[in-house]
Amino acid sequence: QASTYEQAAMGLLALRFGDFERAGRLFQFFRTAWAAGPDHPGPRHGLRGLVNFYNAEFGSEGIEKTIHVGPNAWVGLFAARFANQTHGRQALQFALDLEYWIANVIPHEKGGVAMGLVDDPLGAPWRRVYSTENNLSYYAFLTELLRSPLLDQAVRTAVTRERDQVENWIVNVAYDARLGRMRRGTNPQGADPMQALATVTWLVSAIGPQRLAARGIDAER
């Protein structure tokens, strides 16, 4: 079983090591899965989005067929970086398709993006759960996309506006200014105050200490 976000991380690692053949195979797998997704029968028929797991042997959807924003943002980050390193327009278009889907199809609130488009039939309200980690992954994806010299001005403006809105959610909603802590996110019951190491390390890595300081967040603290 292959976790989608871990495979995207593997693609980033392959790029770091200059293994463009491996990165290319992962990119083509994700691109094919993205295109075929809406044709699958069952509850996800007609819905776009990569699922959380794929079967590593057969390439079919795996043990967790939920479509969450986080793994899709990681694939977008990988595709955008692949495009920037290879100057590949196919990879750039795939990254732009992922960005458009998250920006225009997934629910937003106060600038943040929800965890998913469809609620879990067993009760998890993904359309009303806002994960700080997912929004940071999306922020990192948008940042990498904006590094592309191939974006036309209208797209660059739209992506920049989307990133600014996500940043505002992180600073004004996810960050608890009174305690100087990052919340794990929000849900229909309110803010989730749980402290998560992944959230904090991703915050400093994705946004950077200087930008955080400019927004009133002390990275050292």
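## His68, tucked into a loop

Let's start with a histidine. His68 has a relative accessibility of 10%, so it counts as buried, since the cut-off for buried is under 20%. Keep in mind that this is a predicted model. His68 doesn't sit in a helix or a strand: you'll find His68 in the loop between E2 and H3.

What does His68 touch, leaving out residues up to four places away in sequence? The list is Leu50, Asn52, Met115 and Trp126. With Asn52 there is also a polar contact: the two side chains are joined at 3.2 Å.

## Helix H1 and its buried face

Now go back towards the start of the chain. Helix H1 covers residues 4-16, which makes 13 residues. From first C-alpha to last, H1 reaches 19 Å, close to the 18 Å expected at 1.5 Å a residue.

Which residues of H1 are buried? They are Thr4, Ala8, Gly11, Leu12, Ala14 and Leu15. Looking down the axis of H1, you'd see these buried residues fall within an arc of 160 degrees, so they line one face of the helix. Their packing partners are strand E1 (2-3), helix H2 (20-36), strand E2 (53-54) and helix H3 (69-86).

## Gly18, just after the helix

After H1 comes Gly18, and its phi is positive, near 75 degrees. Gly18 belongs to the loop between H1 and H2. Is Gly18 buried or partly exposed? With a relative accessible area of 38%, Gly18 is partly exposed.

Here's a nice example of how a chain folds back on itself in space. Gly18 and Gln85 are 67 residues apart in sequence, yet their C-alpha atoms are 9.8 Å apart.

## The nonpolar core

In soluble globular proteins, nonpolar side chains tend to be buried together. In this model, the largest nonpolar core has 61 residues. The members that touch the most other members are Phe78, Phe94, Ile102, Tyr138, Phe141, Leu145 and Ile170. Two or more residues each come from H1, H2, H3, helix H4 (89-104), helix H5 (132-146), helix H6 (153-174) and helix H7 (197-207). H3 gives the most, with 10 residues.

Take a look at Phe78, one of those well-connected members. Not counting residues up to four places away in sequence, Phe78 touches Ala8, Gly11, Leu12, Leu15, Ala23, Leu26, Phe27 and Phe30. Some of those names should ring a bell: Ala8, Gly11, Leu12 and Leu15 are among the buried residues of H1.

Conventions
Residues numbered from 1 in each chain as written. Predicted model: local features only at pLDDT ≥ 70, side-chain atom pairs only at ≥ 80, totals over all residues. Heavy atoms only, no water. Helix = DSSP H or I, 4+ residues; strand = E, 2+ residues; numbered from the N terminus. Expected span 1.5 Å × (residues − 1). Buried < 20%, exposed > 50% of the residue type's maximum accessible area, 1.4 Å probe, protein only. Arc of directions from axis to C-beta. Contact = heavy atoms within 4.5 Å. Core = buried A, V, L, I, M, F, W, Y, C linked by side-chain atoms within 4.5 Å. Polar contact = N/O pair within 3.5 Å; in protein donor to acceptor, adjacent residues only side chain to side chain.
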